[in-house]
Amino acid sequence: MRITCPHCRDSVVTRSSVRPHDALYWAYAQCINPECGWGGKILIEFATTRAPSQAPRPGVQIPADPELRRLLRDQLLTGSE
């Protein structure tokens, strides 16, 4: 994944990160363009599940994507007939 600077659109590099929650990272980034110099915090969130884990960890709750929810609902309804 390439993350670009919100100002000059050049690449940014991650200097460090913190994981305050199983589904969230705070990454501290710096623009590589010396003429720009932007630095800041980037939030990276595991927002939805597109495919369920085959090795789920207890307590990790990432909501199902609406498309996955529809597919699972349709499978349940079809299987009950």
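## A walk through the model

Start by selecting Asp-65: apart from residues up to four places away in sequence, Asp-65 touches Thr-48, Thr-49 and Arg-50. You are looking at a predicted model, so please keep that in mind at each stop. Asp-65 sits in the loop between β3 and α1, the helix that covers 66–79. Is Asp-65 buried or exposed? Its relative accessible area is 13%, which is under the 20% cut-off, so Asp-65 counts as buried.

**Next stop: the sheet**

Now select residues 12–21, 24–31 and 39–45 and show them as a cartoon. These strands form an open sheet of 3 strands in the order β1-β2-β3, with antiparallel pairing. β1 (12–21) and β3 (39–45) stand at the edges; each has a single partner strand, so one side of each has no neighbour in the sheet. Turn the view a little and look for the twist, which averages 25 degrees from one strand to the next.

**Zoom in on β1 and β2**

How many residues make up the hairpin connection from β1 to β2? The hairpin joins the two strands through 2 residues. β1 and β2 (residues 24–31) run antiparallel, and 7 bridges join them. To see how the strands line up, select His-21, which stands opposite Leu-24 in β2. Then move to Thr-14, which stands opposite Ala-29 in β2.

**Into the core**

Select Cys-5, Val-12, Ala-27, Ala-29, Cys-31 and Ile-42, and show their side chains. These 6 residues make up the largest nonpolar core. Which strand gives this core its largest share? That is β2, with 3 residues. As background, nonpolar side chains in soluble globular proteins tend to be buried together.

Stay with one of the core residues, Cys-31. Leaving aside neighbours within four places in sequence, Cys-31 is in contact with Cys-5, Cys-8, Asp-10, Ser-11, Val-12, Cys-36, Gly-37 and Trp-38. Among these partners, Cys-5 and Val-12 also belong to the core.

**Last stop: Ile-3**

Finally, go to Ile-3, in the segment before β1. Ile-3 is partly exposed, with a relative accessible area of 26%. If neighbours within four places in sequence are set aside, Ile-3 is in contact with Asp-10, Ser-11, Val-12 and Ile-42. Two of these, Val-12 and Ile-42, are residues of the core you have just visited. To end the tour, draw a distance between the C-alpha atoms of Ile-3 and Leu-77: these residues are 74 residues apart along the chain, and the two atoms are separated by 41 Å.

Conventions: Residues are numbered from 1 along each chain as its sequence is written. This is a predicted model: local features need pLDDT of at least 70, side-chain atom pairs count only at pLDDT 80 or more; totals for chains, interfaces and linings use all residues. Side-chain values use heavy atoms; hydrogens and water are left out. Two strands pair if DSSP finds at least two bridges between them. Helices (H or I, at least four residues) and strands (E, at least two) are DSSP runs, numbered from the N terminus. Axes are lines fitted to C-alpha atoms, for helices over the stretch in contact, and angles run from 0 to 180 degrees between N-to-C directions. A nonpolar core is a set of buried Ala, Val, Leu, Ile, Met, Phe, Trp, Tyr and Cys residues joined through side-chain atoms within 4.5 Å. Buried means under 20% relative accessible area, exposed over 50%, partly exposed in between (1.4 Å probe, protein chains only). Contact means heavy atoms within 4.5 Å.
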